[in-house]
Structures are given as C-alpha cells and as structure tokens.
Amino acid sequence: MAEPALAPDRIHELFRGLQANRAAVKRTRAHERIAKLEKLREAITSRETKIREALAADFRKSPVEVDLTEVFPVLTEIKDAIKHLHRWMRPSRIETPMSLFGTHSEVVYEPKGVVLIIGPWNYPFQLVLAPMIAAIAAGNVMVVKPSELTAHTSKVLVELISEVFAENEIAVVEGDAVETQKLLALPFEHFFFTGSTKVGRIVAQAAANHLASTTLELGGKSPAIVDDSADLPSAARRLVWGKFVNGGQTCIAPDYIMVSEGREKALVDALKASITDLYGASEDDRKKSADFCRIINTRNFDRLNGMLEASVKAGAKVETGGVTDAAERYIAPTVLTNVKADSAVMAEEIFGPLLPILTYKSFDEVVPFIMERDKPLALYMFGNDEHRIDSVIAQTTAGGTCINNTLIHFANQNLPFGGVGASGQGNYHGFYGFKAFSHERAVLRQGRIDMLKQVYPPYGAKVQKMLKWMTRLFT
C-alpha cells in the first residue's frame, strides 16, 4: 500500500528544520561524525534479519544475496569512512607559485549544506545508505527519499534512520513521484540521484533551477567484449553472475556481449553450463531456485516480456531460458543469439535477465559499434591480449571498466564510481563520496613577506620594470 502523501507544509517544515541545523552539523569534528557512523553501523547489524525479510518481500531476493549486495557494501563504506575521515577532513596543502612568494595555500573541505538523496528500487538499501554515509562524513544535513516500489525496505530504512538521527539532521520522506516533485522544488544545495536517465534529466533541471550541484548515477547499455584470447569457461561464469544477480536488475550489469563469429557457439555452451551451475539444470529448477529473484513489478515484467517477444519475432534465437510467468513476475535467465543491432533488446537498457549476444567478423568492428551509442556506465572486456585491452580502453569512454570480471570495480572504495554523459554525472565511494558532498574551498594566507605590493598603483616605470622582471622569471 502506498504511503499517504505528505502535505507540502510538512515537507517545508522538514526542510526548514534542516536549514536551521546545517551550521551546527557543519561544525562537527571528525570524532563526532565517526560516532554517528558507528551508531548507524550498530543499527544496521542489529536489523540484518529485518533487512533480509524486507528485500525478500519486495522482490524475493535471497538472504545471501541481500548480505552480499546490500548489507556488506554498506558496512564496508562505513568502515572506510571511519578509518579515513580524520585525513579526509584535514585541509590539503597546495603548492604556491613563486609569483605569490610569501603566501600559503590550502583546500578546506566544507559540507555542501542541505542535500537531497533520491534512492532507486533495484538495490533499495545499499543505494540509499552508501551516499548517505558519504554525506554524513562530509558534515551535511539531508532528506533521504527511498523508492516507493520497495515499500518493505523503505519501512526498514525509516525505522533505522530515525533511531540514529533526529529529523533535523536526516529526514526520510516516503512516497511516490508526487513527493519527489515537491522535494525537487526545494532549494537543496546538492542533488544526489540514482535511477533512470529519463528521470535524471528531470533532477538535473531541478538542480539547475537552484544553481545546485548534482551527482547523477544513471545507467545505459554496458557492453561485454569477449576477445578470442579469453578463457571462455571463466568468462562465461563471471558474465552469468554479473548479468543475472538481482534478476538482471543492476545498472552495471553486462547488457550485451560481443564475441567473434568463430567463438560464439563455444561461448553459448559455456554460458549454458554456468547457468546450470548457478541456477539449476532445468527450466523448472531455475524457477524454483531460491537464489534467483523476481522482476520488481508488473510494469517492468511487461516491458521485458514485450522486449523478448519482439526480439524473437525479429529473428533472435533463444539459446536457453525464454520462460516467463506473469503471476510470479518471473523471467528465466535467458541467452539470445542472432540478435540484430536494431532489435528491441538493443533499443534501450534491458535491466532484466535477458542477455543478447552479437557477433563480429573482425575485432575492428567492436569499438565503432560501442562508440556509436551513448557512453555506458560500465564496459567489460575478457581476454589476455594486453595490447588489445589497452587499445579498447584508449578508444572508448565509459563510467568504469572491469577487465576479466564483472561488477566488482563497484566494490573497491578506492575507485570512483559514476557515469559519463547519458550514464551519469559525478562519482562517489570512499573519498570520492566525501568530495561529492563537499565544497572544496580555496584558502590563501598572506604572510609577512608581500611581493605583490611592488606592483600596486600608481603604475609608473618602476612597476613596469618589476612586472617585466616577474614575467621573465615566472612565465
């Protein structure tokens, strides 16, 4: 059941409370922010059973997959922030040019202020809390808006966050697009959104109206290139896991595979074997597998089912899978061959358990095919030819790239995670998340020695001589 809409006055009241508290939270020191993160960690670990139950209720996600993809990443983000926050908050000394001799320069990190975090439904726990952790570390106050499509998880988030934080520090607003529109009308100082490119554009426009900064974590069609030098059994297993975890509803899932014509059959056989190993030997076994979750709602099921039917009608061949059950919102792990570049399954981000395979005659076809499309959130390549791998990285653009595996670049807190172009704007994780929610304030301190006073007006011959000398010396 949908949450009743919050009155505009209530949302404005929450926002005013955050504004009134922002200065006090800005002044907090590292040990105070660390204490908040430790309390948040305790609240999460004490609710692990509730979190698993909520995600099972929302789209039948297995308890182990919840721990692996929802809870574990959040706890590692907290640990990383606690470990490094003193260093992150320390002003960074910056080199000063000789022309400013006598001064000292530094960058001071200060919070953006009142920020908005809009979470998605596909990883509704992790992708709300991970940016929230970064915003806390940076000293912000915020509104958190979970997805209405995962109502059970949203309830857990409300309970968890309200136990640790007063609503004048972190306010949680539930609801649908109506509440989101009310929030977008408010002058937040940073907008952090995870979701579709279509809605990302709406958020970007709202932020522009307030001259606010944004972090947009979007999506796109992330290609997986399988080079002839690749170890196919290993590549297939990693592709199957990366594609079908969370029922294929992952923004960085491999969206399609490109493989040479001569290795297509061997790859298909390896993919089938891996699907059998991970989800069961028969279609019935896979449907019964406790480790394969369901499509989030009927609208997305119908979209994916229509995409599958249209692609098959246009000539695509179902190598395995293709089984659907509308009552359960189930779509089997599916591999498609004979896929045309203009087929339905290639027209948009799939965001489900359909894996199309495209073939190439020459590797020279691969990069132009990828570059003709929007810049993807991720690009994967399997192979052992380092020269070819480096060439692909040099000639393409993507939010992130993973070689000989899938998804796991997301798990390294020391790497920035984010998109480029239509797949996103900005990045986060670890120190990059702290920076995303911080203003890098330039500070220059004048010491006793002041060389620049030599070039103050009146601009006579002495000043001209000094300026010429400085130009020869410093440029």
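**Exercise 1: Cysteines.** Find how many disulfides the whole structure holds, and state whether Cys-293 and Cys-402 are buried or exposed.

*Solution.* Start with the criterion: a disulfide is a pair of cysteine sulfur atoms within 2.5 Å. Searching the whole structure with it gives zero disulfides. For Cys-293, the nearest cysteine sulfur belongs to Cys-251, 14 Å away. Cys-402 is also in no disulfide, with the sulfur of Cys-251 as its nearest, 14 Å away. Next, accessibility: buried means under 20% relative accessible area, exposed over 50%, and partly exposed in between (1.4 Å probe, protein chains only). Cys-293 has 4%, so this residue is buried; Cys-402, at 7%, counts as buried.

A word on the model: it is predicted, local features need pLDDT of at least 70, side-chain atom pairs count only at pLDDT 80 or more, and totals for chains, interfaces and linings use all residues. Residues are numbered from 1 along each chain as its sequence is written, and side-chain values use heavy atoms, leaving out hydrogens and water.

**Exercise 2: A sheet.** Work out the strand order of the open sheet and which strands stand at its edges.

*Solution.* Strands are DSSP runs (E, at least two residues), numbered from the N terminus, and two of them pair if DSSP finds at least two bridges between them. The order is S1-S2-S18, with antiparallel pairing. S1 and S18 (438-446) each have a single partner strand, so they stand at the edges, one side of each left without a neighbour in the sheet. Finally, follow the S2 and S18 pairing: it runs over nine bridges, and Glu-110 stands opposite His-439 in S18.

Technical notes:
Helix = DSSP H or I, 4+ residues; strand = E, 2+ residues; numbered from the N terminus.
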